[in-house]
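Please walk through this protein with its sequence and structure side by side, beginning with a single pair of residues and widening the view step by step.

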Amino acid sequence: MISKILIANRGEIAVRIVRACKEMGITSVAVFSDVDKDALHVSLADESYCIGPYKAKDSYLNMGAILSIATACGAEAIHPGYGLLSENAEFARLCRECNIIFIGPPPEVIEKMGKKDEALRTMQKAGVNTVPGSAQAVTDINQAISFAEEIGYPVLLKARSGGGGKGIRKVDNSEQLERLFLSASAEAANSFNDGALYVEKYLFPVKHVEVQILCDNDNNIAILGERDCSVQRKNQKMLEESPCIALNNKTRAKLFEMAKSAAKAINYTGAGTLEFLLDGQGKLYFMEMNTRLQVEHTVSEMVTGLDLVKWQIRIADGMNMDFLKEGVSLNGHAIECRINAEKSDNGMPSCGKISLLHIPGGPNVRFDTALYQDYNVLPFYDSMIGKLIVYAKTREEAIRKMKAALCELVIEGIHCNREALIEIIEDEEFESGRYTTDFLTKKFKDKVSG
Ligand code: MV4
């Protein structure tokens with residue numbers, strides 16, 4: 001029985017997990033870097049321990065410090081949140097060796113899905129349609145050239161151990177290949193300690209649609225709907241919504257079937273996300289899998305009425321999904337906007353003291369954040385400072401609700417991307433639902449990097 005959980009994260013997701021612990025009667029333990037001593041998750045948690053200086057590698061990525069604290073304070077489990085150590089198979093292994101429950105899938109599954117080429121091969125074996133490509137790592141330029149010729153330009157170079165868009169380059173022709181291969185491989189080596197890439201056909205126009213799954217220890221697989229994540233800028237998601245209105249029931253059923261086959265093929269447990277691309281003919285292509293909770297899990301919570309963090313904890317504690325008797329019901333429409341501390345014109349990170357904070361409210365308006373009045377936003381970590389989520393019966397009403405909530409939101413003392421999000425939510429292409437992955441590239445005239 002899990003009675004104490006150490007949250008190995010910070011910011012809004014750490015606050016989110018502390019809240020779930022409180023509602024479950026579980027003692028929550030926060031860890032923090034010295035510069036985070038005034039952070040909200042520290043004051044909300046039942047216990048808190050400083051684990052090191054501001055650099056993530058010396059604190060939030062410091063596996064030894066985190067495991068020492070977990071052991072010393074008697075935490076039976078660690079929740080990694082997202083990012084940081086959440087998809088670090090070595091950390092999940094160390095937790096196991098320390099007899100501490102890692103709230104997530106087994107290390108072997110994290111490792112398998114973390115090698116994106118192996119993930120693609122695994123899904124192909126499971127009969128899941130994947131993006132056309134090499135589905136195997138390339139480490140030298142000649143391999144890349146032959147795969148690219150075979151696949152046909154334009155192609156995308158992606159980091160084998162990557163995810164979330166780092167190390168991705170779009171290559172339009174053979175002249176560009178060597179230069180982009182070298183820069184993508186260098187970025188991948190720097191970000192993931194693995195410079196290996198793989199090559200994919202660049203599919204366009206497409207929507208980026210992902211499926212939320214929840215799997216328990218009894219091999220039950222719950223499909224918790226899909227999310228449209230096509231509103232991305234420079235490989236960073238800005239807005240997500242559920243359901244994806246471009247899907248008809250037949251295609252949605254196909255998508256859910258593929259997700260179920262994928263989850264079964266890897267004997268998945270816990271919360272996970274399967275990422276697909278949907279082309280203009282309604283064809284689906286598996287792209288990659290995330291073996292962690294995602295930032296945008298919130299929109300799936302709103303349309304299913306399920307608390308995903310609580311279910312992660314229950315499943316890690318050996319419970320099975322009782323709601324499956326009635327089945328999963330998907331209702332209404334949810335939209336999430338990511339609020340980033342950045343200058344709207346150039347996207348540069350912004351930091352400083354929050355001089356005025358007004359959080360929008362009203363029925364089905366949710367703001368997940370670690371901000372508070374007079375909080376000092378630090379320059380050392382991710383620029384996302386909050387997630388504004390709305391829920392309504394229809395998409396039209398959800399869009400109106402999001403616009404009203406964005407207009408009501410006040411964050412003074414730092415720059416944020418509120419105005420850019422209002423522009424998006426008011427855009428008629430967005431409103432039509434017909435937008436695809438080039439929506440923001442066109443809107444903000446960005447150079448497509450991949
Ligand atoms: C793709 C793609 C088209 N074809 N892969 C993967 C990581 C994510 N951040 C973007 N990803 C994509 N992978 C193939 N083979 C389209 C996207 C994509 C995208 C690409 C450029 C600009 C915005 C985008 C938004 C969503 C998905």
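**From one residue pair to the domains**

Arg338 has Lys387, in β19, as its bridge partner. The model in which this pairing is found is a predicted one. The wider setting of the pair is the antiparallel pairing of strand β14, residues 333-340, with strand β19, residues 384-392, which extends over eight bridges.

These two strands belong to an open sheet of eight strands, arranged in the order β13-β12-β9-β10-β11-β14-β19-β17 with antiparallel pairing. Because β13 (284-290) and β17 (365-369) each have a single partner strand, they stand at the edges, and one side of each is left without a neighbour in the sheet. On average, and with direction ignored, neighbouring strands of this sheet are turned by 25° against each other.

Two helices can be placed relative to these strands. Helix α6, residues 116-125, lies across β12 (270-279) and β13, and runs at about 130° to β13. Helix α9, residues 249-265, packs on the sheet, where it touches β9 (206-215), β10 (221-233), β12 and β13, and its direction makes about 110° with that of β10.

At the level of the whole chain, the division is into domain 1 (4-103), domain 2 (132-201) and domain 3 (206-447). The centres of domain 2 and domain 3, taken over C-alpha atoms, are separated by 27 Å, and seven residues of domain 2 are in contact with five residues of domain 3. Between these two domains an area of about 420 Å² is buried, 39% of it given by carbon and sulfur atoms. Across their interface zero salt bridges are found, and the count of residue pairs in polar contact, both at pLDDT 80 or more, is zero.

Notes: Residues are numbered from 1 along each chain as its sequence is written. This is a predicted model: local features need pLDDT of at least 70, side-chain atom pairs count only at pLDDT 80 or more; totals for chains, interfaces and linings use all residues. Side-chain values use heavy atoms; hydrogens and water are left out. Two strands pair if DSSP finds at least two bridges between them. Helices (H or I, at least four residues) and strands (E, at least two) are DSSP runs, numbered from the N terminus. Axes are lines fitted to C-alpha atoms, for helices over the stretch in contact, and angles run from 0 to 180 degrees between N-to-C directions. Contact means heavy atoms within 4.5 Å. Domain bounds come from an automatic or database domain assignment. Buried area is the accessible area (1.4 Å probe) that two parts lose on being put together, summed over both. A salt bridge is a side-chain nitrogen of Lys or Arg within 4 Å of a carboxyl oxygen of Asp or Glu. A polar contact is a pair of N or O atoms within 3.5 Å; within protein, one must be able to donate a hydrogen and the other to accept it, and residues adjacent in sequence count only if both atoms are side-chain atoms.
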